[in-house]
There are 2 protein chains.
Amino acid sequence: MKITALAGGVGGAKLAHGLSLILPPEDLTVIVNTGDDFEHLGLNISPDLDTVCYTLAGLANPETGWGRVNESWNAFANIEKLGGPAWFRLGDRDLATHLERTRRLKEGKPLSQITKEFCEAWNINPTVLPMTDSPVRTMVETEEGELAFQEYFVHRRCEPRVKGFRFDGVDVAEPAPGAKEALQSADAVIFCPSNPWVSIDPILRVVKQINKPVVAVSPIIGGEAVKGPAAKMYRELGIEPSALAVAEHYRTILKGFVLDNADRAFIEQVESMKVKIRAADTLMKNVEDRARLAQDVLHFAGSL
Amino acid sequence: MKITALAGGVGGAKLAHGLSLILPPEDLTVIVNTGDDFEHLGLNISPDLDTVCYTLAGLANPETGWGRVNESWNAFANIEKLGGPAWFRLGDRDLATHLERTRRLKEGKPLSQITKEFCEAWNINPTVLPMTDSPVRTMVETEEGELAFQEYFVHRRCEPRVKGFRFDGVDVAEPAPGAKEALQSADAVIFCPSNPWVSIDPILRVVKQINKPVVAVSPIIGGEAVKGPAAKMYRELGIEPSALAVAEHYRTILKGFVLDNADRAFIEQVESMKVKIRAADTLMKNVEDRARLAQDVLHFAGSL
């Protein structure tokens, strides 16, 4: 079974890792959100790409989900000491990724090519693609005005109330080389449990259409996001956050939906949307959980 | 006694440190070579400025003379792992300096202002000035063609035979704000034991004239440089490397010359150039040596 997965941050990376533990590498492509990308200290930082790659490579920090395991913070501490910007924490090992990415981008290499090279260096065998090689920037419309995503997410800790989102550059962004082909050749497309508003939507805006069966895994369990601001965003946009809300979010393209066993109460309502449903334990606390959920999702997708 | 010192790399930094241990901070200005500056990994790196500042702040690595004490190399190891350029080693703490310098330069701040801010953060009390805020780049003319300084010095380990030097940009470079004033208000100008060809000459080319008594300290002891390629450069340019060769190098502007006790044989020849001379123990193995040599040099300068 050939799978193309769409993923954003930590939850998405975990399921992508689970899928990589089961599928042969040639049967898995992960298309990653780059709307969170930004420039900081002159570096081109791609937080979601890095989270997915670090997780697939076993280099991710298991405590935080983002950043590197066994990380040191000596550069960062000295930037702080010099009075530099301290709101975005950069570990020493992580810095290498940003420095090398920035250097290669300046040489004119596309982000997808750089990602391929990094995956080789990190022994990542499935294909990992940024959604696009063009700059797309998620802008968060808030009651305090429009904020660039990392400004909203990290600097302002998601505090400003959200009114909407804009994906700057999305209208002219082409999918990264290989992304369309991966979506066309897939037997199923899996939306990993990532934030629908700011992780999956930007990818969908870039790839525009998906003609293969889509299975989404809810990032909302029991009305709350496992991590990140998805539930808060739903609330501020006037929608009760729930697995049901996620299914409705994707309803026009959804064939199957995986929600947590804690959310079985929504099964009937989702089924009434003519979407097939599977309840599972979707919380991924360890590597075994990732593999088990991936297996559940693959079985379900195979049954559609 | 007000002193302005010209300095380049490790030896120059050590004497500048010695002077800072004796003089009140308001009486010491150190003008530092920036001809070695270069861009690497998108970072603006000023090796001599950093060596001088780290040394004055007690942050320098005492083993190497360059770089930071208690340094870690996690970013560098991961840049290597990704296949990035590994010929110029960047420590994690040191990286912070380059990242912050680069960020502030991009904001439009002049290098002299950034250096001032860094000195404040590092509790460095004497005035440290880059020779200029303009880009001046030391180019080494070799038998293999012209090489940018760090390419020659670090990447090629000073192996190509030297034919001459060119200081790209020097003709339009103005001295950094405060440099002319420091030279005019000084009671004496001290040339630290730095490489005459690539540390002191570029500064002299920028500041153009010095109307105060100049005292130079020889970086050559017993025909060899304590560190770096000065002796090799003299040889390749057809000049026998010696304290005498250094005195001749500076003869048009020299009032006093400090050579090592090992080089007393040259005293008469230097005196015949109408240059006052002082023999001293010029090798600085520890902080006490730095202070003692600084004291010797100051006494000598005061006697001229």
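**Rings, a small sheet and a two-fold axis**

Okay, let's start with two residues in chain B: B:F191 and B:Y250 are both buried. Before I go on, keep in mind that this is a predicted model.

So how do those two rings sit? The centres of B:F191 and B:Y250 are 4.9 Å apart and the planes stand at 75°, so we call the pair edge-to-face. And where do they come from? B:F191 is in strand β9 (residues 188-191) of chain B, while B:Y250 is in the loop between α10 (243-249) and β13 (256-260) of that chain, so the pair ties together parts that are 59 residues apart in sequence.

Now, over all chains the count comes to 22 aromatic pairs. Another of them is A:F149 with A:Y152, and that one is tilted, with 6.2 Å centre to centre and 50° between the planes. Why is this one such a local affair? A:F149 and A:Y152 are three residues apart in helix α6 (residues 149-155) of chain A, which means about one helical turn separates them. Buried or exposed, these two? Both A:F149 and A:Y152 are buried.

There's also a cluster in chain A, where ring pairs link A:F38, A:W87 and A:F88.

Rings meet charges here too. The charged end of A:R89 sits over the ring of A:W73, 4.3 Å from the ring centre. Over in chain B, B:R68 lies over the face of B:Y54, and there the distance to the ring centre is 5.0 Å.

Right, on to the sheet. In chain A, three strands make an open, antiparallel sheet, in the order β7-β6-β8. At the edges we have β7 (145-148) and β8 (162-168) of chain A, each pairing on one side only. On average, neighbouring strands in this sheet are turned by 25° against each other, direction ignored. Strand β6 (residues 137-142) of chain A pairs with β8(A) over six bridges, in the antiparallel sense. If you want a spot to look at, find A:V140, which stands opposite A:F165 in β8(A). Then there's helix α8 (residues 196-207) of chain A, which packs on the sheet and touches β6 and β8 of chain A. The direction of α8 makes about 35° with that of β8(A).

Last bit: how do the two chains relate? A turn of 180° with a shift of 0.0 Å along the axis lays chain A on chain B, with an RMSD of 0.0 Å. That's the relation of a two-fold axis. Which residue of chain A comes closest to the rotation axis? It's A:D92, at 3.1 Å for the C-alpha. And 100% of the interface residues of chain A are interface residues in chain B as well, so the copies meet through the same surface.

Methods. Residues numbered from 1 in each chain as written. Chains lettered and ligands numbered in written order. Predicted model: local features only at pLDDT ≥ 70, side-chain atom pairs only at ≥ 80, totals over all residues. Heavy atoms only, no water. Pairing = 2+ DSSP bridges. Helix = DSSP H or I, 4+ residues; strand = E, 2+ residues; numbered from the N terminus. Axes fitted to C-alpha atoms, helices over the stretch in contact; angles between N-to-C directions. Contact = heavy atoms within 4.5 Å. Least-squares fit on C-alpha atoms with pLDDT ≥ 70 in both. Phe/Tyr/Trp six-rings, centres within 6.5 Å; stacked < 30°, edge-to-face > 60°. Buried < 20%, exposed > 50% of the residue type's maximum accessible area, 1.4 Å probe, protein only. Lys NZ or Arg CZ within 6 Å of the ring centre and 35° of its normal.
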